[in-house]
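Got your viewer open and a selection box ready? Let's take a walk through this one, stop by stop.

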Amino acid sequence: MKRIAVLTSGGDAPGMNAAVRAVTRGTLAKGWEVLGVRNGYAGLVAGTMEPLAARDVGGIMQDGGTALGSARSPEFTEAAGREKALRNLATRGVEALVVIGGNGSQTGSAALSREGFSVVGIPSTIDNDLYGTDVSIGADTAINVTLEAIDRLRTTASSHQRAFLVETMGRDCGYIALMAGIAGGAEVIVIPERDIEPPEVAERLRAAYRRGKTHAIVVVAEGARRGVHALMEHYKEHRDSIGFELRLTRLGHVVRGGAPSAADRVLATRLGAAAADALAAGRHGVLVGLVRNEIEQTALGEIAGRMRPADAGLLEMARTMAL
Ligand code: ATP
C-alpha cells in the first residue's frame with residue numbers, strides 16, 4: 001500500500017475533523033501518502049482530491065463540521081457514477097479509501113467494496129443509527145447540545161409553571177432524545193422505537209402537575225410517529241386539563257453544530273487510527289466501530305441497509321426517575 005484517500009460524507013457530524021486528522025496522521029506514520037477528497041462522494045466522482053500533510057490537518061480537531069466538506073451525491077448511487085469515481089481513484093494511484101459517514105455513506109462504501117475497491121468505513125453520524133458500533137462520532141456532542149437546551153428551558157419553565165416540548169434530531173432513531181432525556185431528567189421521552197399517543201403524554205404531564213411539579217420537560221425525537229405537531233394539536237384541544245402551559249422548542253440543526261465533545265474527539269481519534277491499522281493489516285470491506293469499548297470490525301455488507309435502534313428498555317427507568 002502506498003496511497004490512500006479519505007472523505008467525509010452525508011450529514012456533517014462534530015468530530016469528523018478529528019477523524020480526518022487521525023486517519024491522515026495514522027497513515028502518514030506508516031510511510032504512505034494520503035489524499036483528502038473534497039465534498040464526499042461528489043468529489044470522488046468529480047476527481048477533486050489533494051494530498052494531505054500532517055500540518056494540513058493541524059488545528060481542525062476542535063472545529064465542528066468538516067473541513068473536507070460533505071455533500072449528498074445522487075450520481076454516486078448509480079453504477080455509472082461509481083465507475084467514474086473508481087477511474088479517478090485509479091488515475092491518482094489511490095489503492096484504498098476511508099469513508100467517514102453515516103448509514104447512507106456506508107451503504108455507498110459497501111457498494112464500492114462489492115465492486116472490488118478496498119474501503120474501510122468509520123461510523124460518523126449524530127443519529128447513532130449505524131449497525132456495527134455502539135456509538136458513532138458526533139452523537140455525544142449532539143446529546144450534550146440537546147442537554148444544554150433542556151437545562152436552560154427548565155430554568156425558564158420553572159419560573160412560569162410551564163412544560164416544554166423539546167424536539168431534537170436523530171432521523172428515525174431516538175438515541176439523542178433518549179440519552180438527553182435521561183441526562184436532563186425529562187418527565188416524558190417520545191422516540192420512534194416505542195410509540196406513545198398524545199393522550200398518554202398529556203396524562204403524564206397532568207400527573208406530574210398534580211404531584212406538585214412546577215415545570216416539566218418532554219423530549220421528542222424528530223422521527224417519532226406522533227411527534228411535536230400531534231402533541232401540540234392535542235394540547236390545544238385539552239389545554240385546561242393538563243395543568244401546565246405548554247411551549248414548543250425545535251432545536252433543528254443547532255444540534256449538529258459546535259465544537260465536538262472530548263468523548264467525540266477521543267472516539268474519532270481511536271477509530272481513525274484503527275482504520276489506518278486495518279488497512280496496514282490488509283483488512284478492508286469493513287467498518288471499524290467501538291463495541292463494548294473495544295475496536296471491532298464488521299463487514300460493510302452486514303451494515304448496509306440495517307439500522308441500530310435506541311434501547312427503548314431504558315424508557316421505564318427514565319419514567320421511574322421522573323416521579
Ligand atoms: P447522516 O446519517 O448523518 O445523514 P448519511 O451517511 O446517512 O449521513 P446520506 O445522505 O444518507 O447520509 O448518504 C450520503 C451519500 O452516500 C449519498 O449522497 C450517496 O452519495 C451515498 N449513498 C447513499 N445511499 C447509497 C446507496 N444505496 N448506494 C450507493 N451510495 C449511496
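**Stop one: an open sheet**

Select β7, β8, β6 and β9, and you get an open sheet of 4 strands, in the order β7-β8-β6-β9 and with parallel pairing. At its edges sit β7 (188-190) and β9 (245-250), each of which pairs on one side only. Look along the sheet: on average, neighbouring strands are turned by 15° against each other, direction ignored. Keep in mind on this tour that you are looking at a predicted model.

Now zoom in on one edge. Strand β8 covers residues 216-221, and 3 bridges link it in the parallel sense to β7. To find a matching pair, pick Val188, which stands opposite Val218 in β8.

Next, add helix α5 (residues 139-159) to your selection. This helix lies across β6 (162-168), β8 and β9, and runs at about 165° to β6.

**Stop two: a covered strand**

Hide that lot and select residues 286-291, which make up strand β10. How many of its residues are buried? The count is 6 of 6, so to speak a strand that is mostly covered. Try colouring the two faces separately: Val286, Val288 and Leu290 are buried on one side, and Leu287, Gly289 and Val291 are buried on the other.

Which strands pair with β10? One is β5 (residues 118-123), parallel to β10 and joined by 2 bridges. Click Gly121 there and you'll find Leu287 of β10 opposite. The other is β11 (residues 294-299), which runs antiparallel to β10 and is joined to it by 6 bridges. Here the pair to click is Leu290 and, opposite in β11, Ile295. β10 and β11 form a hairpin with 2 residues between them, and Arg292 in the turn has a positive phi of about 50°.

**Stop three: a helix with two faces**

Select residues 79-91 for helix α3, 13 residues that reach 18 Å from the first C-alpha to the last, close to the 18 Å expected at 1.5 Å a residue. Show side chains for Gly81, Arg82, Ala85 and Leu89: these are buried. Why do they end up on the same side of α3? Because they cover an arc of only 95° around the axis. As a rule, an α-helix has 3.6 residues a turn, so residues three or four places apart point the same way.

What do the buried residues of α3 pack against? Show β1 (3-8), α2 (40-46), β3 (49-51) and α4 (103-114) to see their partners. Then spin to the face turned away from the buried side, where Ala80, Arg87, Ala90 and Thr91 are exposed. Just after the helix, stop at Gly93, which has a positive phi near 70°.

**Stop four: two aromatic pairs**

A search of the whole structure turns up 2 aromatic pairs. Start with Tyr41 and Phe76, which are stacked, at 3.8 Å centre to centre and with 5° between the planes. Tyr41 lies in helix α2 and Phe76 in the loop between β3 and α3, so this pair ties together parts 35 residues apart in sequence. Both rings belong to buried residues: Tyr41 has a relative accessible area of 6%, and Phe76 one of 3%.

Finish with Tyr209 and Phe244, whose ring centres are 5.1 Å apart with planes at 80°, so the pair is edge-to-face. Tyr209 is in helix α7 (residues 198-210), while Phe244 is in the loop between α9 (239-242) and β9. Buried or exposed? Tyr209 is partly exposed, at 34% relative accessible area, whereas Phe244 is buried, at 2%.

How values were computed. Residues numbered from 1 in each chain as written. Heavy atoms only, no water. Expected span 1.5 Å × (residues − 1). Buried < 20%, exposed > 50% of the residue type's maximum accessible area, 1.4 Å probe, protein only. Arc of directions from axis to C-beta. Contact = heavy atoms within 4.5 Å. Pairing = 2+ DSSP bridges. Axes fitted to C-alpha atoms, helices over the stretch in contact; angles between N-to-C directions. Phe/Tyr/Trp six-rings, centres within 6.5 Å; stacked < 30°, edge-to-face > 60°.
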